[in-house]
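Trainee: Could you walk me through this model and show me how to read its features one at a time?

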Amino acid sequence: ERSLLGLKDISRDEIGSILNRAAYWEAQSDKVVPVLKSKFAVNMFFENSTRTRFSFEMAEKRLGAEVMNFAAAASSVEKGESIYDTVRTLESMGIDAGVIRLKPSGVLQELAERVSIPLVNAGDGNNEHPTQALLDLYTMKKSFGELKGLTVSIIGDIKHSRVARSDLWALQKFGAHVQFCAPETMQAPELAQYAPYVSMETALKADVVMMLRVQLERHNAGVFKSSAEYREQYGLTEERAARLSGHTMIMHPAPVNRNVEIDDTVVESPRSMIFNQMANGVPIRMAVMERAMKG
Ligand code: CP
């Protein structure tokens, strides 16, 4: 039984075995293979989600687990109950593992040390989103065969992005070259020692162009005068997409601000992997939940 709190501190072999196991699950023709029969998983979302929450639930159900969902807005968190007391409450009822998404960074590690069930990070503040990065690596590996030597540009709101951080840590372990492109207000200076900041022109020459959502809910007003101005300078517009090399893959973790960081037509274009990423999230989360819960 193992937690998955982040990718920074786990080995390349460990990540590789999750990716391989995801390929096994993707190849299964039976939709339900009940290896987690009689196990109880709870998905605890203290911050909103569509993709991550539903693909964890889909993954758990496809493995035959009993699934419970916890949404902070409909719970005693509204009465002031802490995250720790909430997790301890569910643990005391006999759950076998918890998937957890948290608004603040830096509390998950301590929480995991204080409870005895495995915890799987579904996104903690701007720190890590390990299953998103695993599905990103899986998507790249499926198309390119191997990750070593790939150049991956991550463009946009790096500062607030747990996806950028998890992708950076994981891709570097496999010998991929990660570079960032962001306006100064959206840069994370502490990451500059790990990945260079490059111009938009340079960023677009990569094997993978990963666009990030402008996190309007985490920014103070006035970063850009308008969405149109952001699109003009940092958006993957139809015109920029047309100049990408023939093999370049377009990714985005979603949700997408259409016509802000990526044009509507580019989201729907054949080289966009955005919906493939979502599909790949299910076998990845099957592998992660099996690892966490199988006795
Ligand atoms: N990519 C991602 O984490 O999406 P959700 O916030 O909808 O889960």
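Mentor: Happily; we will go from the overall fold to the ligand, then to the domains and some annotated positions. Keep in mind throughout that this is a predicted model.

Trainee: Let's begin with the whole chain. How many helices and strands does the secondary structure come to?

Mentor: Eleven helices and eight strands. For overall dimensions, look at the principal axes: the C-alpha trace spans about 55 × 45 × 35 Å along them.

Trainee: What does the radius of gyration say when set beside that of a compact globule?

Mentor: The idea is to compare the value with what the chain length would give. For 295 residues a compact globule would come to near 19 Å, and the chain has 19 Å, so the two agree.

Trainee: And what share of the residues is buried?

Mentor: Buried residues are 43% of the 295 in the chain. You can also ask how far apart in sequence the contacting residues are. Taking contacts with a separation of 6 or more, 77% join residues 24 or more positions apart.

Trainee: Now the ligand. Which residues surround it?

Mentor: The shell consists of Ser-49, Thr-50, Arg-51, Thr-52, Arg-53, Gly-123, Gln-132, Pro-253, Ala-254 and Pro-255. Once you have such a list, sort it by chemistry and by element. By chemistry there are three nonpolar, five polar and two charged residues. By element, helix α2 (residues 51-62) gives the most, with three residues.

Trainee: Why can we say that the ligand lies between the domains?

Mentor: Check which domains supply the shell. Domain 1 (12-129 + 278-293) and domain 2 (131-273) both give residues to it, so the ligand lies between them.

Trainee: Which positions does UniProt list as "binding site" that I can set beside that shell?

Mentor: An unreviewed UniProt entry lists Arg-51, Thr-52, Arg-101, His-129, Gln-132, Ala-254 and Pro-255 under that heading. Let's look at the last pair in that list. Ala-254 sits in the loop between β8 (249-251) and α10 (264-267), and Pro-255 is found in the loop between β8 and α10 too.

Trainee: How do I read the exposure of Ala-254 and Pro-255?

Mentor: Count the C-beta neighbours inside 10 Å: 20 or more is buried, 12 or fewer is exposed, and in between is partly exposed. Ala-254 has 17, so it counts as partly exposed. Pro-255 has 11 and therefore counts as exposed.

Trainee: What do Ala-254 and Pro-255 touch, beyond residues up to four places away in sequence?

Mentor: Ala-254 touches Arg-51, Ile-274 and Met-278. The partners of Pro-255 are Thr-50 and Arg-213.

Trainee: Back to the domains. How many Å separate their centres?

Mentor: The centres of domain 1 and domain 2, taken over C-alpha atoms, are 25 Å apart. The contact between them takes 22 residues from domain 1 and 20 residues from domain 2. On the domain 1 side, the elements giving two or more residues are α1 (12-27), α2, β4 (119-124) and α11 (274-293). Of these, α11 gives the most, with six residues. The residues on that side divide into eight nonpolar, nine polar and five charged.

Trainee: Which other residues carry the "binding site" annotation?

Mentor: UniProt, again in an unreviewed entry, has it for Lys-79, Arg-162 and Arg-213. With a set like this, compare the spread in sequence with the spread in space. They cover 135 residues of sequence and are also spread in space, up to 31.5 Å between C-alpha atoms.

Trainee: Is Lys-79 buried or exposed, and is Arg-162 buried or exposed?

Mentor: Lys-79, in the loop between β2 and α3 (83-92), has 6 C-beta neighbours inside 10 Å and so counts as exposed. Arg-162, in helix α6 (residues 162-173), has 22 and so counts as buried.

Trainee: What is Arg-162 in contact with, leaving aside its neighbours within four places in sequence?

Mentor: Its contacts are Gly-123, Asp-124, Gly-125, Asn-126, Asn-127, Glu-128 and His-129. Take Gly-123 as a link back to our earlier topic: Gly-123 is one of the residues surrounding the ligand. His-129 leads back to the UniProt record, where it is among the "binding site" positions.

Note on methods:
Residues numbered from 1 in each chain as written. Predicted model: local features only at pLDDT ≥ 70, side-chain atom pairs only at ≥ 80, totals over all residues. Helix = DSSP H or I, 4+ residues; strand = E, 2+ residues; numbered from the N terminus. Rg over C-alpha atoms; globule rule 2.2 N^0.38 Å. Contact = placed C-beta atoms within 7 Å. Near = placed C-beta within 6 Å. Nonpolar A, V, L, I, M, F, W, Y, C, P; charged D, E, K, R; others polar. Domains from an automatic or database assignment. UniProt positions renumbered as here; feature names shortened; annotations may be inferred.
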